[in-house]
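Please open the structure in your viewer and keep the selection tool at hand. Each stop below says what to select and what is there.

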Amino acid sequence: MSQLPVIVGFGGISPAGRTSFHQGYRRLVLDQLDSASRQETLVDLATLTGTASRDASGRFLLGEALLEKDALAAAVEQQVCNQTLIRRIHADWFDVNAVLFNRPATAKPAEQAITFRLRNRQLPQVIPSNWQVQDLGSGQSEVTIDGNCDLIFPDTKTALVQSAGMLPTGFEPGKLYQSRNHPRGLQMAVYAASDALRSVGIDYDELVNRLAPDQIGVFASNSIGQLDDLGFGGLTKFPALGKRTSSKQMPLGYAQMPADFINAYLLGNVGTTGGALGACATFLYNLKNGVEAIRSGQCQLVLVGGSDAPVTPEIIEGFRAMGALAEDKQLMALDDLAELAEEHYRQACRPFGQNCGFTIGESSQFLVLMSDTLALELGADIQGAVADVFVHADGHKKSISAPGVGNYMTLGKAASLVGDLLGEESLRQRSFVQAHGTSTPQNRVTESHVINETAKAFDIPAWTTSAVKAYLGHSQGTAGGDQLFASLGVWKHGIVPGLTTTPAIADDVHSSNLNLPLQHLEVGTEGMDSVLINAKGFGGNNASAAVLAPHVVEQMLTRRHGEAAMNSWRQRREQVREQAEAYNQSAVNGLARPIYRYDHNVLTGEDLQISADEIRLPGYAKPISLKVNNPYKDFC
């Protein structure tokens, strides 16, 4: 009997804020929320960004004023809204008006030879043949050059792309724990994974005591590694800039490092691990591995996620050179503007409308999955379930970056599974699509054709399709996680985030069988039974996930386990919900800190108890069995 991978926790950090308890989702639909939810999200953003802090009296400190929660929410609303979602790149990331761009030059002597003085330690190790060096003493030398001299002048230029989806301004994950020069993407992963784990409402040590250590898995990565100065970015450019390469840049740059950090510094995990890479489909690749691990019985608890921090001048320039990003001059041309104001930067990403390129974004998102049996046993709060994830390549290609045919297969299989599980009427009337929706002219045509043709094939008359990159930008490998958290919120608040940055659907978009809402769409908390998360990745990496609503999952589990078992689960769930909400309020008040266990319970081989049947580890209640199923018995 296959186990159903149910979602029992989720967390992260994105341009919309904290992911757990739907806080990030709420930022997307802020103007549609009830007053209590709206107030809580505004306060959460205020404490997250350091705009306000909780006082010992229980009130909030804003500047020198002490305010109650409702007054704080009203006071900070405009500020925290301005500090979130897609916006003009803030100086905390880099100065868009002074991007480092060194300029090579050849200096030629005028009437006399070129002569200058410098410190001996600044001399090159290999002295050029046309240099004459005279030691002046006191650590100084005079250099005379006979002929030309090649130079590199420090220079800057104005960035041609100035919009991005950045984490809330003022939020600094590295200051919340001992980050020890960790690259930004790994700082974000520590925060996001902690947020997801604590959102479960069950202490992780309790989970560990219920499971054998090898029944836990972690599948996480990103698509391009850590490319800021503390990772591969510094590794590759520091020597050319005359800076020292550190011992951490090489190892911490690897793309699988989000999983490694979670294993080593959060969970102490000795079970299954891995980091799949698939460009924009990376999150869904890891989700597929997690789903298969639980469904097969290999794992009962899995953490799935990704963390990408690509808002750097070098990555932006790389995508710009490809013609993939929306440049400022193109955005001005779209709206016939002489210059861009802040509101125009916020509308840079326009899925399925007249657009000119995607907008880079950063994000870290994690899911906690359990087997349905374990979830019921523990009283875990079930937020939905991942029925399956389908992956297909594109076949032969001319250009490696061009779209192909693989996405038709992934989305078609996901739709077919939803129809088989929930019925054709549910698929046709109560499913929706979170599209990849990059805001490129090519994507709006090709992805809309994929979704529209799939809708035709399954007789879906008006398939609701949205794309949250309109708010968050494209976080590369973590984009599927952004799409997923924005979909889970629909089953809490009943609103599908609309394509609000898109003025009108472009004429070349295939939409005969699609509903592409330009405003937020009210559907009710049980109005949608499923969502299909779609990814069309660079290089032919396509993936589509079929995710089921919590009310549907409860119906399925009742058929499997019976009403008595479900009633017992509901009773146990009350305490779990209380514990989870306690964490939520701690985070809202700015008091929560990430889990980070450096040099904690480090084990060596001498600490283990090893027999032919099992291995026992200190700190784990249950052993790891060495008795594995032989899948090749027919060969024996």
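What follows is a short tour in four stops through a predicted model.

**Stop 1: the sheet**

Select residues 53-54, 60-62 and 65-67, which are strands β3, β4 and β5. Together they form an open sheet of three strands, ordered β3-β4-β5. The pairing is antiparallel. Which strands lie at the edges? They are β3 and β5, each pairing on one side only. Now zoom in on β4 and β5. Three bridges join these antiparallel strands. For a landmark, pick L62: it stands opposite A65 in β5.

Next, add residues 69-82. This is helix α3, which packs on the sheet. The helix touches β4 and β5. Look along β4 and compare directions: that of α3 makes about 30° with that of the strand.

**Stop 2: a loop glycine**

Move to G323. Look for it in the loop between α10 (313-321) and α11 (328-335). Is G323 buried or exposed? Its relative accessible area is 57%, over the 50% cut-off, so G323 counts as exposed. Now select T440 as well. In sequence, T440 and G323 are 117 residues apart. In space, their C-alpha atoms are 9.7 Å apart.

**Stop 3: a histidine in α20**

Select H551. This residue lies in helix α20, which covers residues 550-561. Is H551 buried or exposed? Its relative accessible area is 14%. That is under the 20% cut-off, so H551 counts as buried. Show the side chain and that of D529: a polar contact of 3.0 Å joins the two. Then display the surroundings. Leaving aside residues up to four places away in sequence, H551 touches T525, E526, M528 and D529.

**Stop 4: α20 against α21**

Keep α20 on screen and add residues 563-588, helix α21. The two helices pack with their axes 7 Å apart. Their angle is about 125°. Why are they called oblique? An angle of about 125° falls between the 115 degrees that ends the roughly perpendicular range and the 145 above which helices count as roughly antiparallel, so the pair is oblique.

Finish with the side chains at this contact. From α20, select E554, L557, T558 and H561. From α21, select E563, A565, M566, W569, R570 and R573. Color these residues by type: four are nonpolar, two polar and four charged.

Definitions and conventions
Residues numbered from 1 in each chain as written. Predicted model: local features only at pLDDT ≥ 70, side-chain atom pairs only at ≥ 80, totals over all residues. Heavy atoms only, no water. Helix = DSSP H or I, 4+ residues; strand = E, 2+ residues; numbered from the N terminus. Buried < 20%, exposed > 50% of the residue type's maximum accessible area, 1.4 Å probe, protein only. Polar contact = N/O pair within 3.5 Å; in protein donor to acceptor, adjacent residues only side chain to side chain. Contact = heavy atoms within 4.5 Å. Pairing = 2+ DSSP bridges. Axes fitted to C-alpha atoms, helices over the stretch in contact; angles between N-to-C directions. Parallel < 35°, antiparallel > 145°, perpendicular 65-115°, else oblique. Nonpolar A, V, L, I, M, F, W, Y, C, P; charged D, E, K, R; others polar.
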